[in-house]
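Visitor: Please choose one part of this model and look at it closely with me, then lead me on from there to its surroundings. I am new to this, so please explain each term as you reach it.

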Amino acid sequence: MRFFIILVFTMAFFPSITDAQAGIYSETDIDYQSLFFDAELAKQQGKTEDQIDFLREMLKRKKDDHAVYFELAKAYQIIDNNELAQKNIEKAIDLNPSNEWYLLIGAQILEKGKQYNKATSYYQSLLQINPKNLAIYHQLALTQLNNKKPTEAAATLENCIVRNGIDEDTARRLFDIYRNSNRKDQARNTLERLCESSPDNTRYMNNLAGFLNDIGETKEAEKIYHQVLELDPSNGPASMALVKEKTVKSKAGDYLSSLIPVMQNMNIPLDNKIKELMPYISTMSKNGAETPALIEISELLVDAYPADAKVYAIQGDVAFYTGNYIGAEKAYEKSISINDRQYILWDQWMVSLWEREDYQKLEKVSFDAVDLFPNEASAYIIRSLCLEKTGNIDESMEYADEANFIAANSQRFKFPLVILNTWLKRNDLSKDEIKDALSRIKLNDIQSHIYMELLGDLNNITGNKEVARKMWEKAVELGADPDRIHRKTGA
């Protein structure tokens, strides 16, 4: 195989070798060919420095061999000597200015050296040779953007469209340039031209309508959404956009209530429905105005998609954030029974069991979680805490050690591990030692109510009752069961 590769390169360097007559080569020719073979063999063996030496010897014998300069440029690229790579590729291009491969590699080398003007000229030369190459237009535009010349980049892409017609990739790049330059009319025109090129493409139409909404052209956007629904009555983005448009000035609860018919429409993909709900679920509160509608929608989705794990996950989230920990625990369990490969569901299931103080079941669930996700430190932490609650101290410490090992270099678990280790060793530590450990924790980095609750417990041990109360109240804000937490405060 190696012989075949070398033979191919030999034919490229010495095209006359295959039809030359025996005995016509001079000793100099043979020496030159020998150096080429040596250089190519060194290249195949990954011996770049040796390859460079052989190529330089070749240039001593023949100073105008553009192919050797090209090979030298690539070799210097490999060893990250951009200066000599540039010097040699420029020499190759000077000797053979119409070679597309030389121009392309040359432009890449110049871009790496941030010499964007010269790289631009190489790409422009390539387009003169091959004006149908879309990739070169795109790369030229990107180079011009890197050179802080968005107007020239836009002109390059416009020229591409004139010569080759509009396509989605070119239109997207051009739209981004116009939008980022606040050239709204040109951005709109780009999307309109793309729609005209494919009148039945509802995705293009939705993109145009979405942009029109963004720039305040809501009536025009509504017309396009209606056109989308004429082509595709089950189109989810258009259906939801129209509902949202009608209730844009309404409160979140009213908007979610207006979404109920959309949620019941089985022609709209489930993922579109979930995407619309997620911003409201992530910010919902127990007594928020949107809560009744979210509860109703989560139940509707379970009825409509009883075999899909995602709807039970949604139901679990809604139940959890409304304080229905029993309902949340059941929903997460059901979701996992359908698809047990999403750790976040296991995490939420375990947290729900923690809030219910069902440590016996939590012990079993956390064991399964650790077994399925052996690299998830939080599973070990929750299991360790659970085992401590059930009196299995030695085993609890073993899982804590595993958590410390897995997350030793993780910034995310830096403070949770301090809390865990301090909590498990609290009976062997003095109050001052506990205070010292707590002083290293940044409260703003604690986003789990379990860890915040433990901080309250530890502060309570040190006698800092007021701080403990604040930590417990913060735990409630983060999702802890108020009734369970208030038993600690005596409220």
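Guide: A pocket is found on a 1 Å grid over the protein atoms alone, as an open set of points where a 1.4 Å probe fits, with protein on both sides within 12 Å along at least five of seven lines, and its lining residues have an atom within 4 Å of a point. The model is predicted, so local features need pLDDT of at least 70 and side-chain atom pairs count only at pLDDT 80 or more, while totals for chains, interfaces and linings use all residues. Residues are numbered from 1 along each chain as its sequence is written, and side-chain values use heavy atoms, with hydrogens and water left out.

The largest pocket has a volume of about 890 Å³, where volume is the space filled by probe spheres set on the grid points, which are joined across faces, edges and corners. Its lining is made of 35 residues, and Y321, I344, D347, Q348 and R412 are the ones nearest the centre. Helices here are DSSP runs (H or I, at least four residues), numbered from the N terminus. At least two lining residues come from each of α17 (270-283), α19 (309-321), α20 (325-338), α21 (343-356), α23 and α27, and α19 supplies the largest share, 7 residues.

From the pocket we can follow α27 to a neighbour, since the buried residues of α26 pack against α25 (414-424) and α27 (449-461), contact being heavy atoms within 4.5 Å. Those buried residues of helix α26 (residues 431-438) are I434, A437 and L438. Viewed down the axis of α26, they fall within an arc of 100°, so they line one face of the helix; the arc is taken from the directions from the helix axis to the C-beta atoms. Buried means under 20% relative accessible area, exposed means over 50%, and partly exposed lies in between, using a 1.4 Å probe and protein chains only.

Another of the lining helices, α23, takes us to a charged pair. Side chains of opposite charge can pair when their charged atoms come close. R383 and E395 form a salt bridge, with their closest N and O atoms 3.4 Å apart; the term means a side-chain nitrogen of Lys or Arg within 4 Å of a carboxyl oxygen of Asp or Glu. This pair links distant parts of the chain, with E395 in helix α24 (residues 393-406), R383 in helix α23 (residues 377-389), and their positions 12 residues apart. E395 is partly exposed at 27% relative accessible area, whereas R383 is buried at 4%. Elsewhere, shared partners join the salt bridges of D169, R172, R173, D176 and R179 into one network.

Within that network, D176 and R172 meet at 3.9 Å, N to O, and they stand 4 residues apart in helix α10 (residues 168-180), about one helical turn. D176 is partly exposed at 22%, and R172 is partly exposed at 43%. A search of the whole structure finds 29 salt bridges.

The same kind of search finds 0 disulfides, a disulfide being a pair of cysteine sulfur atoms within 2.5 Å. The sulfur of C160 is 18 Å from the closest cysteine sulfur, in C195, which is too far for a bond. C160 is buried at 0% relative accessible area, and C195 also counts as buried, at 11%.
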